[in-house]
Structures are given as C-alpha cells and as structure tokens.
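This report looks at a single protein chain, working from its overall layout to its packing and its charged pairs. The sequence and the structure are shown first.

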Amino acid sequence: MIPFNQRFCEEHKQDKNKQATNQERMQYEEKELRFYKSTTWTKLSKSFRLRNPTCASCLKRGIIRQAVLVDHIEPIKTAYGWQHRLDESNLQSLCQTCHNAKTAREVAQRRMRSPERSTPALKF
C-alpha cells in the first residue's frame, strides 16, 4: 500500500525514471536517424565506400572482404563522434559481420558505464 500523497511505491518509482530516460533516448536516436537519412550522409558514405571498398576490420586480419556500409570509428552517440560525424578520418568501411560485432561491443561498453548499473563506491 502506498501513502495517499504518493503516486508510486519505492519499487516502481524507478520505472517512472526509466520511462523518462527512454523518452530522452528516443529523442536522441531521432536526431541520429535524421542524420543517417540526410542527403549529406548518403552522398558521403557512398563516395567513401567507393574509395574504400574492402572491410577495414577484415583487412587488418589479412582477409579481403567487400564492405557493405560505412561506420563511424567513434560512434556519433558520443560528443566527439557527433562533432566528427562527417570527418573521413572518423569513418571506416565494414562488412556486416564486423559492423555487428563492433556495435555489440559498443552497446556492452555503454551498458557497463550506465549509471543504473554502476556499483556504489566502497567506503573504508
């Protein structure tokens, strides 16, 4: 039972905060989606891939595989990545397999750094 002057119990207050976070995430992702659908990005990524047709990650391992997309080395979700989203020095051509693996690593890193998952500092 919750007191009459509260809307949520302690357990579900967190869900309300999570909801606000999801709304912020959706707004941010909308900005990214607009960028990826822009004419500027479409032209840049196509010309970059034409000049760099092989997967950069595979090439480092001595494998020659055709790239299917252009990836931001520093993700545009970061401040640096967003500022350098059109810099060719922040781009690499990748095959789908390498792009999926890189994206999975980035998502895992973001989850590890998220405030929800951080553990409280130990006090001595």
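The text below describes a predicted model, taking the secondary structure, the cores, the strands and the salt bridges in turn.

## Overall layout

The protein chain contains five helices and two strands, and read from the N terminus its elements follow the order α-α-α-β-α-β-α. Of its 124 residues, 23% count as buried. The accessible surface of the chain amounts to about 10,000 Å², and carbon and sulfur atoms account for 54% of that area. When contacts in the chain between residues at least 6 apart in sequence are considered, 57% of them join residues at least 24 apart.

## Nonpolar cores

In soluble globular proteins, nonpolar side chains tend to be buried together. Here the largest nonpolar core has eight residues, namely Phe35, Trp41, Leu44, Phe48, Val70, Ile76, Trp82 and Leu91. Helix 2, which spans residues 39-51, supplies the largest share of this core, with three residues. Apart from this core lies another one, of six residues, which includes Cys55, Cys58, Leu69 and Leu94.

Val70, a member of the largest core, is in contact with Trp41, Ser45, Phe48, Arg49, Leu91, Gln92 and Ser93, when residues up to four places away in sequence are not counted.

Cys95 is located in the loop between strand 2 and helix 5. Its relative accessibility is 3%, so Cys95 counts as buried, the limit being under 20%. With residues up to four places away in sequence left out, Cys95 touches Cys55, Cys58, Arg65, Gln66, Ala67 and Val68, and two of these partners, Cys55 and Cys58, are among the residues of the six-residue core. Cys95 and Pro53 are 42 residues apart in sequence, while their C-alpha atoms are 9.6 Å apart in space.

## The two strands

Strand 1 and strand 2 run antiparallel and are joined by four bridges, and within this pairing Leu91 of strand 2 is the bridge partner of His72. Which residues of strand 1 lie on one side and which on the other? In this strand, made up of residues 69-72, Leu69 and Asp71 are on one side and Val70 and His72 on the other, and as all of them are buried, both faces of the strand are covered. The two faces can be linked to the cores described above, since Leu69 is among the residues of the six-residue core, whereas Val70 belongs to the largest core.

## Salt bridges

The model has five salt bridges, and the table gives three of them with their nitrogen-to-oxygen distances.

| Side chains | Distance, N to O |
|---|---|
| Arg34 and Glu30 | 3.2 Å |
| Glu88 and Arg51 | 2.9 Å |
| Glu106 and Lys102 | 2.4 Å |

Arg34 and Glu30 both belong to helix 1, residues 10-36, where they are four residues apart, about one turn of the helix. Arg34 is exposed, with a relative accessible area of 52%, whereas Glu30, at 45% relative accessibility, counts as partly exposed.

The bridge of Glu88 and Arg51 links separate elements: Glu88 lies in the loop between helix 4 (79-83) and strand 2 (91-94) and Arg51 in helix 2, so this pair ties together parts that are 37 residues apart in sequence. Glu88 counts as partly exposed at 34% relative accessibility, and Arg51 counts as partly exposed at 47%.

In the third pair, Glu106 and Lys102 are four residues apart in helix 5, residues 96-113, and are therefore separated by about one helical turn. Is this pair buried or exposed? Both Glu106 and Lys102 are buried, and the relative accessibility of Lys102 is 10%. A network of salt bridges links Asp71, Lys102 and Glu106, and Asp71 is one of the buried residues of strand 1. Lys102 also touches residues besides Asp71, for its contacts, not counting residues up to four places away in sequence, are Asp71, His72, Ile73, Gln92 and Leu94. Among these, Asp71 and His72 are placed on opposite sides of strand 1, and Leu94 is one of the residues of the six-residue core.

Terms used: Residues numbered from 1 in each chain as written. Predicted model: local features only at pLDDT ≥ 70, side-chain atom pairs only at ≥ 80, totals over all residues. Heavy atoms only, no water. Core = buried A, V, L, I, M, F, W, Y, C linked by side-chain atoms within 4.5 Å. Buried < 20%, exposed > 50% of the residue type's maximum accessible area, 1.4 Å probe, protein only. Contact = heavy atoms within 4.5 Å. Salt bridge = Lys/Arg side-chain N within 4 Å of Asp/Glu carboxyl O. Areas by Shrake-Rupley, 256 points an atom, 1.4 Å probe, with all protein chains shown as cover. Pairing = 2+ DSSP bridges.
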